[in-house]
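This report reviews the structure shown below. It moves from local backbone features to the overall fold, the nonpolar cores, selected buried residues and the internal cavities.

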Amino acid sequence: MKVVLVKGLAVPLVALLMAALTVLYGGVPRAEAATDVSTVATALRKGPVYVDPAASGQLSARDADALAKKIEDAGKPVFVAVLPADYPTQNLFADLRTATGITGLYAIRLGDRFDARADSSVLPRTAVQNLVTSVRGESVKAQLDDFTDRALANVGGRAPSSWGGSARDGGVSSTALITVAVVLVAGATGAYALVRRNRRRRDEEQRAALEKLRVVVDEDITAFGEELDRLDFHPGEQGADDAMREDYERALNAYDRAKSAMAAAERPEDVKAVTQALEDGRFSLAVLAARREGRALPERRPPCFFDPRHGPSVADATWTPAGGAAREVPVCAADRARLADGRDPAIREVETEYGRRPYWDAGPAYGPWAGGYFGGGILPGLLVGTLLGSMMATPSYAADYGAGYGDFGGYTGGDVSGADFDPGDFGGGFGDGGAGGFGGGDFGGGDF
């Protein structure tokens with residue numbers, strides 16, 4: 001072994017070098033220190049995509065710019081960070097959310113690993129988990145593109161004002177340039193006639209879609225009326241109290257609201273008010289039934305995913321649609337038992353030109369119908385990978401039917417909240433798909 005003399009002592013050369021490095025770096029040298037979370041947060045406050053210099057080989061600058069432009073043009077609070085594979089994961093999402101101080105959906109790619117978290121006011125935990133699961137195993141570019149496309153259709157709220165104009169083009173966004181161009185073209189000869197012709201065509205298509213949808217909605221209203229009759233509740237019956245009478249009155253009012261809203265509907269998106277009323281009425285009946293039977297009052301949950309006519313769900317169960325990815329869906333007691341026994345659930349089918357199909361494979365008009373039942377942001381995660389989900393993610397759906405998933409809930413994404421947020425939304429171990437909870441399974445580096 002080669003040695004050197006240091007003040008008369010024989011010291012191995014390797015030990016001498018290590019000692020010198022310790023003095024210089026304060027420890028064993030690393031190829032590159034991990035970027036501080038505050039640095040990542042500062043970048044995300046200025047734009048939606050951050051690629052760490054140590055992870056630049058994962059996503060090219062061109063692809064990162066294209067991804068950022070897509071998010072900025074959509075105006076949604078979606079944040080994407082690409083970090084080195086060995087980046088510390090302990091409390092990563094919670095720390096990043098605290099440092100940015102902005103309500104939104106946060107996705108992180110670490111080497112070949114991927115996960116996401118979101119404020120529940122932007123996207124529910126189940127929806128985040130299902131979105132992450134739907135893109136697992138894809139290459140970096142494909143994964144981030146697919147996740148972003150689906151997230152932009154799903155997430156509610158708006159982009160933070162701190163993004164401002166695009167940094168790539170000196171503050172003048174491509175959206176603004178396109179808008180100017182559209183205005184100029186619209187002023188050209190013949191543009192007005194073209195707009196009128198397209199509007200007439202769209203109105204005709206919407207009327208046809210509403211008539212097709214009316215059959216299904218009328219079935220729903222009729223089924224709810226039959227439930228009211230079967231309940232056979234009389235306000236003056238023995239044992240009835242004020243709480244029961246209030247439940248019954250709410251159910252009757254919901255029935256009337258549903259009928260009135262359907263009678264006034266002129267477009268497919270108007271149906272959302274009908275199914276919202278029916279969902280509220282069915283929950284009121286469930287509460288009334290529990291009171292009469294002396295049972296604990298039910299938790300307010302969305303209706304059964306497979307057929308909202310089954311009433312409020314009692315639990316979430318794992319289900320995989322044909323050709324799709326597994327996801328958690330709310331189920332009634334009967335469908336939970338069917339799934340547990342390995343049987344098919346009782347799925348709501350509707351008539352299509354190809355025969356009877358599940359409602360999620362029946363066309364875009366059923367988006368508002370489903371949105372009324374599954375409002376508040378739960379719909380995105382349920383429909384990922386289905387025909388209806390794919391249609392609702394397209395710009396044409398937003399133009400024809402009002403907008404995508406995000407309009408089904410009262411979202412506030414993009415607001416500045418600082419550290420005032422629910423840490424449970426950003427808990428769980430990296431790689432558990434946003435399942436939430438502190439101390440959950442990790443992704444090879446600890447808990448969030």
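## Backbone outliers in loops

Is Asp232 buried, partly exposed or exposed? The model is a predicted one, and in it Asp232 has a relative accessible area of 46%. Because buried requires a value under 20% and exposed a value over 50%, Asp232 is classed as partly exposed. Asp232 occupies the loop between helix 8 and helix 9 (242–264). Although Asp232 is not a glycine, its phi is positive, at about 50°.

Asn91 also shows a positive phi, near 60°, in a residue other than glycine. Asn91 sits in the loop between strand 4 and helix 4 and is partly exposed, at 32% relative accessibility. As background, most residues other than glycine have a negative phi.

## Overall composition

The protein comprises 15 helices and 10 strands. Of its 448 residues, 43% are buried. When contacts between residues at least 6 apart in sequence are considered, 64% of them join residues at least 24 apart.

## Nonpolar cores

The largest nonpolar core has 47 residues, of which Leu83, Leu105 and Phe147 touch the most other members. Strand 4 (residues 78–83) is the element that gives the most to this core, contributing 6 residues. Beyond the residues up to four places away in sequence, Phe147 touches Leu105, Ala107, Phe114, Ala116, Leu131, Val132 and Val135. Another core, of 42 residues, lies apart from the largest one and includes Met244, Cys304, Trp369 and Leu383. In general terms, nonpolar side chains in soluble globular proteins tend to be buried together.

Ala116, a contact of Phe147, also pairs with Val128 in a C-alpha separation of 6.8 Å, the two residues being 12 apart along the chain. Val128 belongs to helix 5 (residues 125–134) and is buried, with a relative accessible area of 3%.

## Helix 12 and the surroundings of Asp220

How many of the residues of helix 12 are buried? In helix 12 (residues 366–373), 8 of 8 residues are buried. These are Tyr366, Gly367, Pro368, Trp369, Ala370, Gly371, Gly372 and Tyr373. Trp369 is also among the members of the 42-residue core.

Two residues of helix 12, Trp369 and Tyr373, are in contact with Asp220. Asp220 lies in helix 8 (residues 191–231). Its relative accessibility is 0%, so Asp220 counts as buried. The side chain of Asp220 makes a polar contact of 2.7 Å with the side chain of Tyr373. Leaving aside neighbours within four places in sequence, the other contacts of Asp220 include Leu278, Arg282, Arg309 and Arg348.

## Further buried positions

Leu382 is located in helix 13 (residues 379–383). Because its relative accessible area is 1%, Leu382 is buried. Apart from residues up to four places away in sequence, Leu382 touches Asn130, Phe305, Arg327, Glu328, Val329, Pro330 and Phe374. The C-alpha atoms of Leu382 and Thr126 are 8.5 Å apart in space, with these positions 256 residues apart in sequence numbering.

Thr103 is placed in the loop between helix 4 (92–100) and strand 5 (105–110). With a relative accessible area of 6%, Thr103 is buried. The side chain of Thr103 is joined to that of Arg97 by a polar contact of 3.5 Å.

## Internal cavities

A search of the whole structure yields 2 cavities of 30 Å³ or more. Which residues line the second largest cavity? The lining consists of Glu279, Arg282, Phe283, Arg301, Pro302, Pro303, Gly311 and Pro312. By class, these comprise 4 nonpolar, 1 polar and 3 charged residues. The second largest cavity holds about 40 Å³ of space.

Arg282 links this cavity with the site described above: Arg282 is one of the lining residues, and Arg282 is also in contact with Asp220.

Methods
Residues numbered from 1 in each chain as written. Predicted model: local features only at pLDDT ≥ 70, side-chain atom pairs only at ≥ 80, totals over all residues. Heavy atoms only, no water. Core = buried A, V, L, I, M, F, W, Y, C linked by side-chain atoms within 4.5 Å. Buried < 20%, exposed > 50% of the residue type's maximum accessible area, 1.4 Å probe, protein only. Helix = DSSP H or I, 4+ residues; strand = E, 2+ residues; numbered from the N terminus. Contact = heavy atoms within 4.5 Å. Polar contact = N/O pair within 3.5 Å; in protein donor to acceptor, adjacent residues only side chain to side chain. 1 Å grid on protein atoms, 1.4 Å probe; cavity = no way out; pocket = protein on both sides within 12 Å on 5 of 7 lines; lining within 4 Å. Points joined across faces, edges and corners; volume = space filled by probe spheres on them. Nonpolar A, V, L, I, M, F, W, Y, C, P; charged D, E, K, R; others polar.
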